[in-house]
Amino acid sequence: MQYETIILELLSRIQKLEDEMALLKQEQDKKSVSSNDEISYEKEISYKKMTNEMLEICYQYGKKMHNGENANTLAANIAKKTQMNRNSCIIYLYAVSAMLDGTIYKRAISAKAIQKYFDNIFHEYGTEGLRKAIHATRLHINYRKECGHTVDSLEELCDKAEMKI
């Protein structure tokens with residue numbers, strides 16, 4: 001499991017470097033010389049905000065991964081459908097699968113996603129499923145604390161979800 005985390009981190013870094021290289025290439029192609037001979041660059045960076053549709057698709061495909069389907073294939077399908085970054089897809093897939101297993105996930109996903117996944121899991125798998133999801137998130141919280149991150153909002157989500165049990 002530790003190797004998977006390292007590989008995911010490396011894939012994420014490679015993707016980020018490839019994206020930065022593409023942006024640099026675009027900037028180089030778009031540079032223009034103004035009337036006073038200064039070089040100006042047009043910088044375009046577009047970050048997509050996670051939509052409810054993206055979160056839902058990641059959840060549905062995360063269940064497929066949990067049932068044994070290939071994460072890379074699923075991530076490629078999600079990226080094609082939603083224009084999400086493929087590495088982000090993988091992170092969300094692993095988080096959903098870990099929640100369904102009740103095991104730790106180490107990459108952060110949004111609090112909005114966690115809340116949505118808690119609700120979906122409770123609706124589909126009942127209290128036992130929610131208990132596993134909360135346990136996985138508590139393990140994630142402990143991991144994030146060890147890394148020096150603040151996790152108050154995640155703890156609140158877990159506390160609120162535990163009230164349903």
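## Where helix α3 ends

Read from start to end, the protein chain runs α-β-β-α-α-α-α-α, giving six helices and two strands (DSSP runs numbered from the N terminus: H or I of at least four residues for helices, E of at least two for strands). This is a predicted model, where local features need pLDDT of at least 70, side-chain atom pairs count only at pLDDT 80 or more, and totals for chains, interfaces and linings use all residues. Residues are numbered from 1 along each chain as its sequence is written, and side-chain values use heavy atoms, leaving out hydrogens and water.

Of the 165 residues in the chain, 33% are buried (under 20% relative accessible area, with exposed meaning over 50% and partly exposed in between; 1.4 Å probe, protein chains only).

Now for T82, which sits in helix α3 (residues 71-82), and Q83, in the loop between α3 and α4 (86-101). Here is how they compare:

| Residue | State | Relative accessible area |
|---|---|---|
| T82 | buried | 9% |
| Q83 | exposed | 53% |

What does the side chain of T82 reach at 3.2 Å? That's the backbone nitrogen of M84. A polar atom of the T82 side chain also lies 2.8 Å from the backbone oxygen of I78. Setting aside residues up to four places away in sequence, T82 touches M54 and I57 (contact means heavy atoms within 4.5 Å).

Q83 has its own quirk: a positive phi of about 65°, though it is not a glycine. Most residues other than glycine have a negative phi.

Methods. Polar contact = N/O pair within 3.5 Å; in protein donor to acceptor, adjacent residues only side chain to side chain.
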